[in-house]
Amino acid sequence: MTKVNIEDLEDKSLICVDCGNKFIWTAGEQKFFIEKGLKNLPKRCKICTAKNRDKLREKHPMWWAKCRICKKKNEVPFELTTDDILCEECYKKELIKRNNALIAAGETVPEN
Ligand SMILES: [Zn+2]
Ligand SMILES: [Zn+2]
């Protein structure tokens, strides 16, 4: 991963493709962008990005999936063919449990 000094970056102003208004692309956002190796510059201001996301959501309905452990309902962007799902929280807990079990058994914990 590329390391970027936030001090080397300056806020830039970009033009929103939707409303034509200028918006600020902050140094912090640029740092994230470069470090993640992203290619497409942000095209929309915050407001239009939010609007656009809503539009996409309308086009792609969300489905509800129930977590196998806590039974909490989670919104997922795809239709599930299985009900064997874990919410993020439970998934993390399960991962810790698994890792602890591996450590207890004297095995190496895989990185993920
Ligand atoms: Zn805009
Ligand atoms: Zn859960």
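Biologist: How many residues lie between E3 and E4 in their hairpin?

Modeller: This is a predicted model. In it, strands E3 and E4 form a hairpin. Lys-71 sits in the turn, with a positive phi of about 65°. The count of residues between the two strands is 6.

Biologist: Which residue stands opposite Ala-65?

Modeller: Start with the pair of strands. E3 covers residues 63–66 and E4 covers residues 73–76. They run antiparallel, joined by 4 bridges. Opposite Ala-65, in E4, stands Asn-74.

Biologist: What pattern does the protein chain follow along the sequence?

Modeller: The protein chain has 3 helices and 4 strands. Read along the sequence, their order is β-β-α-α-β-β-α.

Biologist: Why is the protein chain described as more spread out than a compact globule?

Modeller: Compare two values. For 112 residues, the globule rule gives 13 Å. The chain is well over that, so it counts as more spread out than a compact globule. Its C-alpha atoms fill a box of roughly 55 × 40 × 20 Å along the principal axes. The radius of gyration behind the verdict is 20 Å.

Biologist: What separates the centres of domain 1 and domain 2?

Modeller: Domain 1 spans 6–59. Domain 2 spans 63–104. Taken over C-alpha atoms, their centres are separated by 31 Å.

Biologist: What percentage of the residues count as buried?

Modeller: To count as buried, a residue needs 20 or more other C-beta atoms within 10 Å of its own. The protein chain has 112 residues to test. The buried share is 3%.

Notes:
Residues are numbered from 1 along each chain as its sequence is written. Chains are lettered from A and ligands numbered from 1 in the order in which they are written. This is a predicted model: local features need pLDDT of at least 70, side-chain atom pairs count only at pLDDT 80 or more; totals for chains, interfaces and linings use all residues. Domain bounds come from an automatic or database domain assignment. Two strands pair if DSSP finds at least two bridges between them. The radius of gyration is taken over C-alpha atoms; the globule rule is 2.2 Å times the number of residues to the power 0.38. A residue is buried if 20 or more other C-beta atoms lie within 10 Å of its own, exposed if 12 or fewer, and partly exposed in between; C-beta atoms are placed from the backbone.
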